[in-house]
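Here's a quick briefing to read with the model open beside you. It goes through helix packing, charge pairs and aromatic contacts, one topic at a time.

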Amino acid sequence: MKNCDAHLGYQPFSGKVKPSTFEECLSQYSRMIKTIIKKLHIYKNFDEYYQIGQIALWTAYQHYESEKGSFSSYAFFTVRGYLLNELSKAVKYDERNVVVDQCIEDATYYDDAFLLEDFMSLLDGLSLLQKQILVRRFYFNQEFIQIADKLNMNESSVRSSYRYALKKLRRSK
């Protein structure tokens, strides 16, 4: 049986010793990465998680210290830890971000003048300069440096007026 295994290129390995090259390590532990992914019930983005598992295996390969135990255990827990961290990041991202369907047919378009009037009505109680800054920032999506150029002001003055206007609006609501 051993002659057959050697003939097919199969090399038995001990999980206690780190493989001599990372390529050997990857070929020996790729099945472990796939098993961990399966046990964690990861079914979406398999290739992405497999790559994360490979990166974790590389990290384990680089940081392994033989005095602390077997390489296979260290590799297993490192890969599993990386995958769990990535899963928790994905869950947090999904909880905090909602994908909105963008259907052009359902979109309602308004006249720009109407929207500007609507926006301006929300700015009651602000000075003309503060209104100009907020309109340029939110309605026209301009950067502070662009607003400063248009109004012939310093960028720091524009930022200061912007912050003060927002505070004023928060207090009034």
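How many residues apart are Glu-155 and Arg-159, and in which helix do both lie? They sit four residues apart in helix α8, about one turn of the helix. Keep in mind that this is a predicted model. Helix α8 is a handy place to start, and the rest of the tour branches out from there.

**Helix α8**

- Helix α8 runs over residues 155-172, and its 18 residues reach 26 Å from first C-alpha to last, close to the 26 Å expected at 1.5 Å a residue.
- Val-158, Ser-161, Tyr-162, Ala-165, Leu-166 and Leu-169 are the buried residues of α8.
- Look down the axis of α8 and those buried residues fall within an arc of 135°, so they line one face of the helix.
- Flip to the face turned away from that buried side and you'll find the exposed residues Ser-156, Arg-170 and Arg-171.
- As for partners, the buried residues of α8 pack against α6 (128-139) and α7 (144-151).

**Helix α3**

- Helix α3 covers residues 46-63; this helix has 18 residues and reaches 25 Å from its first C-alpha to its last, close to the 26 Å expected at 1.5 Å a residue.
- Its buried residues include Tyr-49, Tyr-50, Ile-52, Gly-53 and Ala-56, and Leu-57, Thr-59, Ala-60 and Tyr-61 are buried in α3 too.
- Among the elements covering the buried residues of α3 are α2 (22-39) and α4 (71-96).

**Salt bridges**

- Side chains of opposite charge can pair when their charged atoms come close.
- Searching the whole structure turns up three salt bridges.
- Back in α8, the side chains of Glu-155 and Arg-159 form a salt bridge at 3.0 Å, N to O. Glu-155 is partly exposed at 30% relative accessibility, and Arg-159 is partly exposed at 33%.
- Glu-65 and Lys-68 also meet through their side chains in a salt bridge, at 3.5 Å, N to O. Glu-65 is partly exposed, with a relative accessible area of 38%, whereas Lys-68 is exposed at 68%.
- Glu-143 bridges to Arg-137 at 4.0 Å, N to O, and Glu-143 is partly exposed, with a relative accessible area of 44%.

**Aromatic pairs and a cluster**

- The whole structure holds 11 aromatic pairs.
- In one of them, the rings of Phe-76 and Phe-77 have centres 5.1 Å apart and planes at 85°, so the pair is edge-to-face. Phe-76 is partly exposed at 30% relative accessibility, and Phe-77 is exposed, with a relative accessible area of 55%.
- Phe-144 and Tyr-162 are also edge-to-face, because their planes stand at 75°, with ring centres 4.9 Å apart.
- Phe-144 lies in helix α7 and Tyr-162 in helix α8, so this pair ties together parts that are 18 residues apart in sequence.
- Both rings belong to buried residues: Phe-144 has a relative accessible area of 7%, and Tyr-162 is at 14%.
- Phe-22, Tyr-29, Trp-58, Tyr-61, Tyr-64, Phe-71 and Tyr-74 form one aromatic cluster.

**Charges over rings**

- The charged end of Lys-18 sits over the ring of Tyr-61, 4.5 Å from the ring's centre; Tyr-61 is a member of the aromatic cluster and one of the buried residues of α3.
- Arg-137 lies over the face of Phe-144, at 4.4 Å from the ring centre, and Arg-137 also takes part in the salt bridge with Glu-143.

Terms used
Residues numbered from 1 in each chain as written. Predicted model: local features only at pLDDT ≥ 70, side-chain atom pairs only at ≥ 80, totals over all residues. Heavy atoms only, no water. Helix = DSSP H or I, 4+ residues; strand = E, 2+ residues; numbered from the N terminus. Expected span 1.5 Å × (residues − 1). Buried < 20%, exposed > 50% of the residue type's maximum accessible area, 1.4 Å probe, protein only. Arc of directions from axis to C-beta. Contact = heavy atoms within 4.5 Å. Phe/Tyr/Trp six-rings, centres within 6.5 Å; stacked < 30°, edge-to-face > 60°. Lys NZ or Arg CZ within 6 Å of the ring centre and 35° of its normal.
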